[in-house]
Amino acid sequence: MAKYLLQQHVHHAEGERPPPSRNPLVRFQRSFEARFERFRGGYRGLLSMALAHRPIFVTSFLALVAVSFLLVPFLGRNFFLPSTPATS
């Protein structure tokens, strides 16, 4: 096991795809990394859009926070109201 795990690793150039593997853990890791990079690219796009339109973003965010305070009267309401007995 140690001999297998400590084999010499082949490093690839930036952007070069590594050879396909039959190992399911390697395939899982590569697919996870690819999906995570796609997610990261989308998130980076959203952040740059928010930074490019700061006044609109800040105004929208503060409006969302203000509107969410309208839900305060409903917080915990079900916990404190007595439950009605079930009818059979």
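## Exercises on a predicted four-helix chain

The structure, a predicted model, holds one salt bridge.

**Exercise 1.** Identify the residues of the salt bridge and describe where they sit.

*Solution.*
- Step 1. The partners are E37 and R40, whose closest N and O atoms are 3.3 Å apart. The cut-off for such a contact is 4 Å, so the pair qualifies.
- Step 2. Both residues belong to helix α2, three residues apart, and are therefore separated by about one helical turn.
- Step 3. In general, an α-helix has 3.6 residues a turn, so residues three or four places apart point the same way. Side chains of opposite charge can pair when their charged atoms come close.
- Step 4. E37 has a relative accessible area of 44% and is partly exposed; R40, at 37%, is also partly exposed.

**Exercise 2.** Compare the expected span of helix α2 with the distance between its end C-alpha atoms, and find the residue that caps its N-terminal end.

*Solution.*
- Step 1. Helix α2 covers residues 24-52, which is 29 residues.
- Step 2. The expected span is 1.5 Å times one less than the number of residues, and for α2 this comes to 42 Å.
- Step 3. The end C-alpha atoms of α2 lie 42 Å apart, so the two values agree.
- Step 4. The cap at the N-terminal end of α2 is N23: one of its side-chain oxygens is 2.9 Å from the backbone nitrogen of L25.

**Exercise 3.** Classify the aromatic pairs F36 with F39 and F39 with Y43 by the angle between the ring planes.

*Solution.*
- Step 1. There are five aromatic pairs in the structure. One of them joins F36 and F39, with 6.4 Å between the ring centres and 35° between the planes. Planes under 30 degrees apart count as stacked and those over 60 as edge-to-face, so this pair is tilted.
- Step 2. F36 and F39 are three residues apart in helix α2, which means a separation of about one helical turn. F36 is partly exposed at 40% relative accessible area, whereas F39 counts as exposed at 55%.
- Step 3. F39 also pairs with Y43, again at 6.4 Å centre to centre, but with 10° between the planes. That angle is under 30 degrees, so the pair is stacked.
- Step 4. F39 and Y43 are four residues apart in helix α2, so about one helical turn separates them. Y43 is partly exposed, at 47%.
- Step 5. F36, F39 and Y43 belong to one aromatic cluster that also includes F28 and F32.

**Exercise 4.** State the composition of the nonpolar surface patch and place V72 in the chain.

*Solution.*
- Step 1. The chain contains four helices and zero strands, in the order α-α-α-α from the N terminus.
- Step 2. Of its 88 residues, 1% count as buried. The exposed area of the chain is about 9200 Å², with 68% supplied by carbon and sulfur atoms.
- Step 3. The nonpolar patch is formed by F57, V58, F61, L62, V65, F69, V72 and L75, which together have about 790 Å² of accessible area.
- Step 4. V72 falls in the loop between α3 (54-68) and α4 (77-80). Its relative accessible area is 44%, so V72 is partly exposed. Patch members need over 30%, and V72 therefore passes that cut-off.

Terms used:
Residues are numbered from 1 along each chain as its sequence is written. This is a predicted model: local features need pLDDT of at least 70, side-chain atom pairs count only at pLDDT 80 or more; totals for chains, interfaces and linings use all residues. Side-chain values use heavy atoms; hydrogens and water are left out. Helices (H or I, at least four residues) and strands (E, at least two) are DSSP runs, numbered from the N terminus. Buried means under 20% relative accessible area, exposed over 50%, partly exposed in between (1.4 Å probe, protein chains only). Accessible areas come from the Shrake-Rupley method with a 1.4 Å probe; for residues, only the protein chains shown count as cover. Patches are made of residues with over 30% relative accessible area and no salt bridge: like charges are joined within 9 Å, nonpolar side chains (Val, Leu, Ile, Met, Phe, Trp, Tyr) within 5 Å. A salt bridge is a side-chain nitrogen of Lys or Arg within 4 Å of a carboxyl oxygen of Asp or Glu. A polar contact is a pair of N or O atoms within 3.5 Å; within protein, one must be able to donate a hydrogen and the other to accept it, and residues adjacent in sequence count only if both atoms are side-chain atoms. Rings of Phe, Tyr and Trp (its six-membered ring) pair if their centres lie within 6.5 Å; planes under 30 degrees apart count as stacked, over 60 as edge-to-face and the rest as tilted.
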